[in-house]
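Colleague: I would like to go through this model with you. Please give the reasoning along with each answer.

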Amino acid sequence: MSMRSYLVLCLAVSAAVCLAVLFVPGVSETVERLVLGFLSRNAR
Amino acid sequence: MKPLRIVLQVLGLAVLVPVVALATLRIEHRNADGPSILFPGGALVSGPLHTGPEPDWSFTDQVGTVELQLTDPVSSRRVWIMAADGRIFVPSGYMTSLLGRLWKHWAFQADQGDGLAVVRIDGTRYPRRLVRIHNDPVLDAIAAKMAHKYGAPLTRADVEAGNTWIFELAPREG
């Protein structure tokens, strides 16, 4: 994949992630639960 | 070279997705009326403001987390709460770890600033002042409450060593 195509893909993925977090029910809670679990296990 | 490039591109995407998700959540909650589970929120604006005599704080034994907002800077987060000896306390753990220092800015800000805060419990806002407890006879009761309520062991030595900070949500003077 050329660098230009890769950057376009990155932009598209970023936009999709943003929209999913903001507008798809349950996505933000799931992300937070995963991060909280990670921090609980690793914050030592 | 081509396989390496593909691997790097996939790794880049794997890093990009969580970074964008976390940044979006952080920005989304920054000015919200209260925090989410993990991310700080803005000022606590909804809910009646308590005035009058001190309540019987024992009702907080039935409350898992409360929303705590500092006045300076204005930001809010969810914290545990323990009632002991007719007073209420909030903990901040992991204070000597790197993640703790990154995660628990509010505790440093409360300790170094004026400590003025608002706590929202079951929808009611209570103006309070955060006072860090270094060594107080009530620490044993707080540790017992924390172990019983949250299953989180706490010792007086943890508090005195600074691993866990305990703040009293004291009434504001005047």
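**Loops, core and chain contact**

Modeller: This is a predicted model. To start with a loop, B:Pro73 is found between strand 1 and strand 2 (75-80) of chain B.

Colleague: Which residue does a cis peptide bond join to B:Pro73?

Modeller: The omega angle of that bond is about -5°. The bond is cis, and the partner of B:Pro73 is B:Asp72.

Colleague: Is B:Tyr94 buried or exposed?

Modeller: B:Tyr94 lies in the loop between strand 4 and helix 2 of chain B, and its phi is near 60°, a positive value in a residue other than glycine. A residue counts as buried if 20 or more other C-beta atoms lie within 10 Å of its own. B:Tyr94 has 21 other C-beta atoms within 10 Å, so B:Tyr94 is buried.

Colleague: Is B:Asp122 buried or exposed?

Modeller: B:Asp122 sits in the loop between strand 5 and strand 6 of chain B, with phi near 50°, a positive value. The limit for an exposed residue is 12 or fewer other C-beta atoms within 10 Å. B:Asp122 has 10, and therefore B:Asp122 is exposed.

Colleague: Which residues have the most contacts inside the largest nonpolar core?

Modeller: That core has 32 residues. Elements of chain B that each supply at least two of them include helix 3 (105-112) and strand 7 (165-171). The residues with the most contacts inside the core are B:Phe89 and B:Phe167.

Colleague: Which element gives the most to the side of chain B that touches chain A?

Modeller: In all, 18 residues of chain B are in contact with 18 residues of chain A. Ten residues on the chain B side come from one element, helix 1 of chain B.

Terms used
Residues are numbered from 1 along each chain as its sequence is written. Chains are lettered from A and ligands numbered from 1 in the order in which they are written. This is a predicted model: local features need pLDDT of at least 70, side-chain atom pairs count only at pLDDT 80 or more; totals for chains, interfaces and linings use all residues. A nonpolar core is a set of buried Ala, Val, Leu, Ile, Met, Phe, Trp, Tyr and Cys residues joined through C-beta atoms within 7 Å. Helices (H or I, at least four residues) and strands (E, at least two) are DSSP runs, numbered from the N terminus. Two residues are in contact if their C-beta atoms, placed from the backbone, lie within 7 Å.
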